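Me: Please pick one part of this model and take me through it slowly. I'd like to see how its pieces fit, and then how it relates to the rest.

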Amino acid sequence: MIKPLLRTGIRVLPGPIRRPVQDYIRYVSKRRSLERMQNALPYWERREQPGEKPLVRVGFIGAGNYARHHLKVLNALNNVSIAAILTTGSPRGRAVAEEYGVSNLYTDRDAFLSEVDVDCYVVVVSAWAIKPVAMDCLATGKPVLLEKPAGVSPEDTAELVEQAEKYNTYGMVCMNRRFYSVIEHGLATLATYGPIRGAILEMPERITDERQSRRLTEWDYDHFAFRNSVHGIDLLRYILGDVKEVHSIARPNVAFDNAAASFGGVIEHEGGAMSAVLALWDTQLPWRLTLIAENGRLRYGPFERGWFINEKGVEIPIRADEIDTAFRAGVYAQDLHFIESVRHHKQPTLPACLLPDALKTNILIERLYGGGSMERWR
Amino acid sequence: MTQSAQPPYNVCLIGLGRHGLKQLHRLAENPAQWRLAAVVDRSVAAYARFQYHFHSLRVPFYRDAVEAIRSEPIDVIIISTTAPSHVPIAESLIRGGYEGGLLIEKPISDSIARAEDLQHLIEEAAWPGRVAVDFNRRCSELYRRVKSVHKSGECGAIIRLEFNRPCKLSMVGMHFIDLANWIIGSRPIEVSGRLDMTSIVDHRGAVFYDPPGWLQVRYASGAIFEMNTMPDAPPESLGMTVWFEQGKARINNDESLAVIETPAGEDRVEVTDENRRYRWIESALASVVEASAGCEICPLPEAILALEVVAAVHHSNSMDGAIATLPLPQEVRNRRLRIA
């Protein structure tokens, strides 16, 4: 009743007024249609299961900015206690301990590892320190959740793998993009649109701006592919599967501190999918990932924002779980997965990235970026 | 790996496609009988879709079937992937030490030779597990009744069996090839057939080619089986009809009613539950776990025979409908069909 009246009403309007009104109505209608399509896409919430749970005691190592993200999650989980924090002794460490109500503060690693009774360790230290700290934690035989990079070369990561095996435990590496709800919801949508045939990954890094900012150390920048680009490469390998063959070209421009470095590769994955990786450093961010199925595709750029593109070419934004805005994206689901595995005395299963899985990613990085650390090319 | 002697049985589902998810929904309705112990799929997208439906179950996910059986207690495995991977997955499980129940989706493989490789492996390894292929219509009350009428001899021998329904030949069509083989109970000796020019690409992917078609099978007993899965099959002929020497059986296209005319009178068998097809799958699974569960599941050799009939149709089609004699020659047995 209303729509025909509205149409008649609009038609009698003079032209200069009628056209903007019609455009506006079309815009509202299209937006509502898009909202309906968005709400029809797969979506679910990642929360703890209700009920009583056995206590999990965590030995936490680190007090920097990123450590806070993990501490916030661990503090929010039921019956998880941060038994002690190991820091370098800076005032920031004391502030963090106070903020999260942790009275047990250590600066001596050996004392921390031998005196504190815990079920697991969480290692969120500077990138250069992750490997040595994780090695010591794995030697206790307790499970370890460690931030990336799990080594800045395949050799490094292999040592961590061996350490975990030697002490009959496991290390789970924080590849939190695997746990991004927007990624999972997108994949759940794409699964209905035919086999995934391939992907295109763009991984620019603003290396010159980064070096000049001195935000991180020279060591961090010299290992940037393993330290930073690892997230995109790992996500690609996680989604499309293990690698069968790689053809790559690397132009690291070492003499110019990697300014305008270029890396490219074509990968054949074991399931038959194919991907193309392009890392043109000192070009515009963000990272971009396109996943291509036979009848639909996903577009991410940055990884925190995604769109499903259906067979008619309509781009539908993918909703993220609110947990990924309440906490650092992916960290809640990732840390919950680790804690639940510790609680049940079982190794975490996928999407978790255990050390052997992380080793495969680092091998791929070395093949794509042509030799690992920039220092090797000096 | 541990095995429980009684329900709930620990189930591992390999293959999280549409069909696999529907199987899971069915099993999830009966938690007293089934516990989902693990899921396996090469695709994390398929796993994400599984999570959308079942995230609260917290089921462990693996990309590798052998890793799953080494990590979780499993009593029975359903292989619900596409045909080319059925045999490699089954072989890896058997070589990986699995000794429980195995229900493999149909078709058993995309090649007769590969399916026979699996049979040889099981025989040579004297594998103690139980394997069956999911021709679950054998668990339907309707088809079981027709089979028992034939077995009793009250209507005499089967002269002709006909099935008509627009469908893909190796998808729904193969169910009825197996049913024909099973009900007639004699060895197929000659096959002729033609395939449609067009195979609609579906969610399984463009790599698969599985058009509808028409076929005729002659059995050693003299019985004839005809099937028409073309889109233009006459509506009044849809469903299955069996002509006995002294009787007739008709099952409607909906598979909800069988009317069997015997010398003693008319017998009607009706099934009305909407979820009956997935109930048959559950019955097949129960029969893999417990031999006494009462459903005559399809053993590997009979599943290979059904595949051979499909391969014979493709071979006959390549010869413009000329008769293909069974058993097929080795070069045809080695061929890989593009079936899902």
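Reply: Two strands pair if DSSP finds at least two bridges between them. Helices (H or I, at least four residues) and strands (E, at least two) are themselves DSSP runs, numbered from the N terminus. What you have here is a predicted model, in which local features need pLDDT of at least 70 and side-chain atom pairs count only at pLDDT 80 or more, while totals for chains, interfaces and linings use all residues. Residues are numbered from 1 along each chain as its sequence is written, with chains lettered from A and ligands numbered from 1 in the order in which they are written.

Let's look closely at the open sheet of chain B. Which strands form it, and in what order? Nine strands take part, and going across you meet E14-E13-E12-E11-E7-E10-E9-E8-E15 in chain B, with mixed pairing. At the edges stand strand E14 (265-270) and strand E15 (324-325) of chain B. Each has a single partner strand, so one side of each is left without a neighbour in the sheet.

Start at the E14 end. Strand E13 (residues 257-262) of chain B runs antiparallel to E14(B), and six bridges join the two. You can find a spot on this pairing by looking for B:Glu261, which has B:Glu266 of E14(B) opposite. Now look at what packs on the sheet here, remembering that two residues are in contact if their C-beta atoms, placed from the backbone, lie within 7 Å. Helix H6 (residues 141-152) of chain B packs on the sheet and touches five strands of chain B: strand E7 (158-164), strand E11 (239-244), strand E12 (247-251), E13 and E14. The direction of helix H6 makes about 15° with that of E13(B); for such angles, axes are lines fitted to C-alpha atoms, for helices over the stretch in contact, and the angle runs from 0 to 180 degrees between N-to-C directions.

Helix H9 (residues 300-318) of chain B packs on the sheet as well, touching strand E8 (188-195), strand E9 (213-219) and E15 of chain B. Its direction is about 55° from that of E8(B).

Next, move to strand E4 (residues 76-79) of chain B. Are its residues buried or exposed? A residue is buried if 20 or more other C-beta atoms lie within 10 Å of its own, exposed if 12 or fewer, and partly exposed in between, with C-beta atoms placed from the backbone. B:Val76 and B:Ile78 point one way from E4(B), B:Ile77 and B:Ile79 point the other way, and all are buried. Strand E1 (residues 9-14) of chain B pairs with E4(B) in the parallel sense, over four bridges. There, B:Leu13 sits opposite B:Ile78 of E4(B). Strand E5 (residues 101-104) of chain B also runs parallel to E4(B), joined by four bridges, and B:Ile79 has B:Ile104 of E5(B) as its bridge partner.

Just before E1 of chain B comes a segment that holds B:Pro8. The peptide bond from B:Pro7 to B:Pro8 is cis, with omega near -5°.

Step back to see the whole chain. Chain B has 10 helices and 15 strands, and its C-alpha trace spans about 55 × 45 × 40 Å along its principal axes. Of its 340 residues, 48% are buried. Among contacts in chain B between residues at least 6 apart in sequence, 74% join residues at least 24 apart.

How does chain B meet chain A? In total, 17 residues of chain B are in contact with 18 residues of chain A. On the chain B side, helix H2 (44-54) and strand E3 (61-62) are the elements that give two or more residues. The largest share, seven residues, comes from H2(B).

Chain A itself has 14 helices and 15 strands. Its C-alpha trace spans about 85 × 55 × 40 Å along the principal axes, and 45% of its 378 residues count as buried. Chain A has a cis peptide bond too, joining A:Gly301 and A:Pro302, with omega about 0°. You will find A:Pro302 in the loop between strand E12 (296-300) and strand E13 (306-309) of chain A.
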